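This briefing is meant for someone meeting the structure for the first time. Please keep the sequence and the 3D view at hand while reading.

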Amino acid sequence: MSTGLRLLPWSDPDGKPCYLASDGGDSPLSRRADAIEAVQMSMGAELLRHARALLNAPKADARELRYLADRLCEALRDVLRIAESRGARLPSYDGGDGPAPGGGGCD
C-alpha cells in the first residue's frame, strides 16, 4: 500500500527515518535520494567482494573480522531501507487469485 511518502536513504540526527512527500519522482531531493541509494548499493557490492576475500584469507584476525561484520551490518541496514522504500512505492495489486501481473507463477 503506497502512502505517498518516500522513505529516504538517510536518518535524522536522532536516527529516526526521514520521508519525502512528493507527487513525482523527479524532484531534486528525489534524484538526490536515488543517487545516494545507487552509491549505497555499489558500496554494499564492493564490501561483499571484500568480505569474501577476507573470509578466504587464512590470516584474518578477530579485529579485522569484527570490523568487517560492523561494515556488513551497516550495508545490510542500507539495503533493507532501500528495499523498504522501493517496495512501498510499488503499485498495489489486488487481483484475486490469479497470477501477478507481468508473469506467471514459479516454474
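What follows is a short overview and then notes grouped by topic.

The model shown here is predicted. The protein has two helices and two strands, and from the N terminus on these elements run in the order β-β-α-α. Of the 107 residues in the protein, 19% are buried, and the accessible surface comes to about 8100 Å², with 58% of that surface belonging to carbon and sulfur atoms. Among the contacts with a separation of 6 or more, 47% are between residues 24 or more positions apart.

**The strands and their hairpin**

- Strand β1 covers residues 5-11, and strand β2, which covers residues 17-21, pairs with β1 in the antiparallel sense over four bridges.
- The two strands β1 and β2 form a hairpin with five residues between them, and in the turn G15 has a positive phi of about 85 degrees.
- Two of the partners across the pair can be named: R6 has L20 as its bridge partner in β2, while L7 has Y19 as its bridge partner in β2.
- In a regular strand the side chains alternate between the two faces of the sheet.
- In β2, C18 and L20 make up the covered face, whereas P17, Y19 and A21 make up the uncovered one.

**The helices and the nonpolar core**

- Helix α1 spans residues 28-56, and helix α2 spans residues 62-88.
- The largest nonpolar core has five residues in all, namely L47, A51, L54, L68 and A75.
- Both helices take part in this core, since α1 and α2 each supply at least two of its residues, and α1 gives the most, with three residues.
- Leaving aside neighbours within four places in sequence, the core residue L54 is in contact with A60, E64, L65 and L68, and of these contacts L68 is itself listed in the core.

**Salt bridges around E37**

- Side chains of opposite charge can pair when their charged atoms come close.
- A search of the whole structure finds eight salt bridges, and two that involve E37 are described here, one with R6 and one with R86.
- In the salt bridge between the side chains of E37 and R6, the N to O distance is 3.3 Å. Because E37 lies in helix α1 and R6 in strand β1, this pair ties together parts that are 31 residues apart in sequence.
- In the salt bridge between E37 and R86, the closest N and O atoms are 3.1 Å apart. Here E37 belongs to helix α1 and R86 to helix α2, so this pair ties together parts that are 49 residues apart in sequence.
- The surroundings of these three residues can be compared with the cut-off for burial, which is under 20% relative accessible area. E37 is buried at 1% and R6 is buried at 5%, whereas R86, with a relative accessibility of 41%, counts as partly exposed.

**A further salt bridge and a shared network**

- D78 forms a salt bridge with R77, in which the closest N and O atoms are 3.0 Å apart. In this pair D78 counts as buried because its relative accessibility is 17%, while R77, at 48%, counts as partly exposed.
- Salt bridges that share partners join R6, D34, E37, R86 and R89 into one network.

**S85, a buried residue of helix α2**

- Which residues does S85 touch, when those up to four places away in sequence are not counted? S85 touches R6, L7 and E37.
- The place of S85 is in helix α2, and S85 counts as buried because its relative accessibility is 1%.
- Two of the residues that S85 touches, R6 and E37, are also the partners in the salt bridge between strand β1 and helix α1.

**Cysteines**

- The count of disulfides comes to zero.
- Two cysteines can be described by their accessibility: C18 counts as buried because its relative accessibility is 17%, whereas C73 counts as exposed because its relative accessibility is 53%.
- C18 is also one of the residues on the covered face of β2.

Note on methods
Residues numbered from 1 in each chain as written. Predicted model: local features only at pLDDT ≥ 70, side-chain atom pairs only at ≥ 80, totals over all residues. Heavy atoms only, no water. Buried < 20%, exposed > 50% of the residue type's maximum accessible area, 1.4 Å probe, protein only. Contact = heavy atoms within 4.5 Å. Salt bridge = Lys/Arg side-chain N within 4 Å of Asp/Glu carboxyl O. Disulfide = S-S within 2.5 Å. Areas by Shrake-Rupley, 256 points an atom, 1.4 Å probe, with all protein chains shown as cover. Pairing = 2+ DSSP bridges. Core = buried A, V, L, I, M, F, W, Y, C linked by side-chain atoms within 4.5 Å.
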